[in-house]
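Hi everyone, thanks for making time this morning. I'd like to walk you through a couple of helix packings and the loops beside them, so let's get the picture up.

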Amino acid sequence: MSYKQGVPIGDVATEGPGLVFQVYPEAVATLPGSQLWAILFFFMLIMLGVDSAMGGLECVITGLMDEFSSFFKNKKYSREIFTLGIIICSFCVALINVTPGGIYMFHLFDTYSAGISLLCSAIFEAVAVSWFYGLDRFSQDVEAMLGMKPGLYWRVCWKFVSPSFIIGVVLFGLFHHEPLHYNDYFYPSWAEWIGWALTLSSIIMIPLFAIIQICKTKGSLTERLALSISPVEEHEEIRRTKLAKRFKAKHWFYV
């Protein structure tokens, strides 16, 4: 493509949606039997999109139905109807992306909705399982399911390596953040604020609900904190002894 267009390769290859929807199709068109390769390429994209949408929507549908289980209980076809409603809402929102300026909205969503927010969610998950729940207890659960205890390599990665790498990637992305642009168009500042609002809308929910849970729990501040980061099976013992395994150095430094 660089040779045919007579431009440097740095000006041919782009990033983001332009790479998939502009560069790849044009590259495929230069291959022998380009029609077949184009069909296979876009069929792959469609299947990839459907597969990703199913996984993401299933998280939303299952989470909402579990949270409001009393509303959906004993109602015929409640899951099917609710799933249809979620898909219709998602379809209406996605219609923005097929408008004349849809590629700019797509790039905005792609940059801020699936980047730092996913990494921050992964950090919270790693900390919740390896540090709060406890790596010793999690290892026992894995052993109960698989019949073998995770090796030292996996335990070190779960507790130290993975969270450190993810935190490093997030900090690097924040410190080296560049103004959002698509080709030669630079987004206005208000558009970037909307993007950061999309990012925070999912990240802030995790610490927000943690604070709500601590406030709802009865007892002193120490007891509420201990109960909030401990499994339900240990709550009775914590209330009786006023002690929590999570406050011991052995729990935090176990590998």
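**Two helix pairs and their loops**

Let's start with a crossing: α11 passes α12 in a right-handed crossing. Before we go on, please keep in mind that this is a predicted model.

For orientation, α11 covers residues 205–216 and α12 covers residues 221–228. The two helices pack at an angle of about 125°, and their axes are 9 Å apart. What do we call that arrangement of α11 and α12? Angles over 145 would count as roughly antiparallel and 65 to 115 as roughly perpendicular, so α11 and α12 are oblique to each other.

Which residues make the contact? On the α11 side they are Q213, I214 and C215, and on the α12 side R224, L225 and S228. Sorted by character, the residues of this contact come out as 3 nonpolar, 2 polar and 1 charged.

Now have a look at the loop between α11 and α12, where you'll find T217. Is T217 buried or exposed? Its relative accessible area is 13%, and the cut-off for buried is under 20%, so T217 is buried. The side chain of T217 reaches the backbone oxygen of Q213 at 2.7 Å, and Q213 is also one of the α11 residues in the helix contact. If we leave aside neighbours within four places in sequence, T217 is in contact with R224, L227, S228 and R239. You'll recognise R224 and S228 from the α12 side of the packing.

Moving to the other end of α11, I204 sits in the loop between α10, residues 189–203, and α11. I204 has 46% relative accessibility, so this residue counts as partly exposed. Here is a distance you can check on screen: I204 and K245 are 41 residues apart along the chain, and their C-alpha atoms are separated by 28 Å.

That brings us to α10 and its packing with α7, residues 102–112. The axes of α7 and α10 come within 9 Å and cross at roughly 45°. Under 35 degrees would count as roughly parallel, so α7 and α10 are oblique to each other. Again we have a right-handed crossing, with α7 passing α10.

Who meets whom here? From α7 we have L108, F109 and Y112, and they meet A191, E192, I194, G195, W196, L198 and T199 in α10. The residues of that contact divide into 7 nonpolar, 2 polar and 1 charged.

That's my tour, and I'm happy to rotate the view for anyone.

Conventions
Residues are numbered from 1 along each chain as its sequence is written. This is a predicted model: local features need pLDDT of at least 70, side-chain atom pairs count only at pLDDT 80 or more; totals for chains, interfaces and linings use all residues. Side-chain values use heavy atoms; hydrogens and water are left out. Axes are lines fitted to C-alpha atoms, for helices over the stretch in contact, and angles run from 0 to 180 degrees between N-to-C directions. Helices (H or I, at least four residues) and strands (E, at least two) are DSSP runs, numbered from the N terminus. A crossing is left-handed if the near helix is turned anticlockwise from the far one by less than a right angle, and right-handed if clockwise. Contact means heavy atoms within 4.5 Å. Ala, Val, Leu, Ile, Met, Phe, Trp, Tyr, Cys and Pro count as nonpolar, Asp, Glu, Lys and Arg as charged, and the others, Gly among them, as polar. Buried means under 20% relative accessible area, exposed over 50%, partly exposed in between (1.4 Å probe, protein chains only). A polar contact is a pair of N or O atoms within 3.5 Å; within protein, one must be able to donate a hydrogen and the other to accept it, and residues adjacent in sequence count only if both atoms are side-chain atoms.
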